[in-house]
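Subject: Structure handover

Hi,

Here is the structure for you to take over. My notes on what turned up follow below it.

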Amino acid sequence: MLSTLSQCEFSMGKTLLVYDMNLREMENYEKIYKEIECSIAGAHEKIAECKKQILQAKRIRKNRQEYDALAKVIQHHPDRHETLKELEALGKELEHLSHIKESVEDKLELRRKQFHVLLSTIHELQQTLENDEKLSEVEDAQEASMETDPKP
Amino acid sequence: KPHRFTEVFQALQRLHMTIFSQSVSPCGKFLAAGNNYGQIAIFSLSAALSSEAKEESKKPVVTFQAHDGPVYSMVSTDRHLLSAGDGEVKAWLWAEMLKKGCKELWHRQPPYRTSLEVPEINALLLVPKENSLILAGGDCQLHTMDLETGTFTRVLRGHTDYIHCLALRERSPEVLSGGEDGAVRLWDLRTAKEVQTIEVYKHEECSRPHNGRWIGCLATDSDWMVCGGGPALTLWHLRSSTPTTVFPIRAPQKHVTFYQDLILSAGQGRCVNQWQLSGELKAQVPGSSPGLLSLSLNQQPAAPECKVLTAAGNSCRVDVFTNLGYRAFSLSF
């Protein structure tokens, strides 16, 4: 009888210990479960944060590409400084040429006036010579008529 | 016997179907698709995307005869679906459409010059700032209609041939239109005048005379505009009217849109093309239709779980892309 009693005590002690162990295992699992839940929530937040960062990065990339696209087009056009220089040079040439034109025109005017003076002088001279000739003709004619018509 | 006849008839219909337009519901959970027979089908995106989706979820919740002719264009306001095609624009209440035997709320016809031929409406555009709708199509004019009173407030004339597509430049507010005459025209809504014209086919970089000069698709992102069709798909800087990038694809594109840092385009050919602004092709994802006519991005804030890209065109199917990288599945009429 003592041995059966002690056997019963022994198995009850074992069951109590197993029960304790199970309780502690449960607690452990609960703890792990809560930890995992926390880390899942943390991961969700990180994902949301990363998504925002991706959107931001995409926006930046888009801006950069827009800039590049415009820059490429602008590169095709010649440099502003060069164009300004070319414009200046052309302007100066234009001024120079217009000065030349002015001086040539002045010279032309002067020559025209000189020619005019020359021509009018020639014309006057011609007139004078003609007048002289006419006068001398008239004189000759008078002389001739006086010779043919002697004393009355 | 009559049952089999309708089955055969429906199968034939599906074979020859073209889906011209799509529109997402304001709640983001439904997608409307309009086809060449004048029918509109409403699909439940939330059902088709859920984990318990079955084959029936990919069929329409309801299909009804909306117009006598093809439904070329559809847009949604916060409560209504507006559809247009055969010269008339009709309004439907989203909340009512899911019930059978839905009737249109109203229908309006813009004042056309001739009452003999009723020109088709190819494009609709909502202008939220002034609560109006812009219609454009076969009569080469843009008509503005006030959504509250239903009166037609302006007529914008300038195009010399019919108009295919419209886009809204929110900041100004300006409307861009493109059409058969090969020109993209910018209209200032306040002065009702044309403020800028870009004759795309006149630019050597993008013109493709063997395809024609028609502008089939248009999209704008404040300072930038992308357009395609006969000429090559090109990115333009609006203020300087210069073409900055020509996208190297031979097939004429019929729909184009800006999305994040990409440009999405589709047209002749199976694929949805994804482009970087630099002109590089990032990805080409094949769909189930031999050609695509419309793309729709569901960005409704009320349904982030239904955030998908849908593509439809020369078939009875609407491809759904949950991720821009591959086609997840297709809805079908």
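Strands here are DSSP runs of E, at least two residues long, numbered from the N terminus. Keep in mind that this is a predicted model.

**Asn122(B)**

Start with strand β9 of chain B, residues 121-127, which holds Asn122(B). Is Asn122(B) buried or exposed? Its relative accessibility is 16%. The cut-off for buried is under 20%, so Asn122(B) counts as buried.

Its contacts, leaving out residues up to four places away in sequence, are Tyr72(B), Ser73(B), Ala136(B), Gly137(B), Tyr162(B), Ile163(B) and His164(B). One of these, Ile163(B), offers its backbone oxygen to the picture: the side chain of Asn122(B) reaches that atom at 2.9 Å. For a sense of scale, take Ala95(B). Asn122(B) is 27 residues from Ala95(B) in sequence, and their C-alpha atoms are 26 Å apart in space.

**Chain A against chain B**

Interface size is often quoted as the accessible area lost when the parts come together. Here chain A and chain B bury about 1200 Å² between them. Carbon and sulfur atoms account for 54% of that. Chain B puts 13 residues into the contact, and chain A puts in 9.

There are 2 salt bridges between the chains. One of them joins the side chains of Arg61(A) and Asp261(B), at 2.7 Å from N to O. Polar contacts across the interface come to 6 residue pairs, both residues at pLDDT 80 or more. On the chain B side, strand β20 (residues 242-246) supplies the largest share, 4 residues. By class, that side has 4 nonpolar, 7 polar and 2 charged residues.

**Aromatic pairs**

How many aromatic pairs does a search of the whole structure find? The total over all chains is 4. Two are worth describing here.

Phe43(B) and Phe333(B) meet edge-to-face, 6.1 Å centre to centre with 80° between the planes. Phe43(B) sits in strand β3 (residues 39-44), and Phe333(B) in the segment after β28 (329-332), so the pair ties together parts 290 residues apart in sequence. Phe43(B) is buried, at 0% relative accessible area. Phe333(B) also counts as buried, at 9%.

Phe247(B) and Trp275(B) form a tilted pair: 5.2 Å between centres, 50° between planes. Phe247(B) is in the loop between β20 and β21 (253-259), and Trp275(B) is in strand β23 (residues 271-276), so this pair links parts 28 residues apart in sequence. Both Phe247(B) and Trp275(B) are buried.

Best wishes

Definitions and conventions
Residues numbered from 1 in each chain as written. Chains lettered and ligands numbered in written order. Predicted model: local features only at pLDDT ≥ 70, side-chain atom pairs only at ≥ 80, totals over all residues. Heavy atoms only, no water. Buried < 20%, exposed > 50% of the residue type's maximum accessible area, 1.4 Å probe, protein only. Contact = heavy atoms within 4.5 Å. Polar contact = N/O pair within 3.5 Å; in protein donor to acceptor, adjacent residues only side chain to side chain. Buried area = accessible area lost by both parts, 1.4 Å probe. Salt bridge = Lys/Arg side-chain N within 4 Å of Asp/Glu carboxyl O. Nonpolar A, V, L, I, M, F, W, Y, C, P; charged D, E, K, R; others polar. Phe/Tyr/Trp six-rings, centres within 6.5 Å; stacked < 30°, edge-to-face > 60°.
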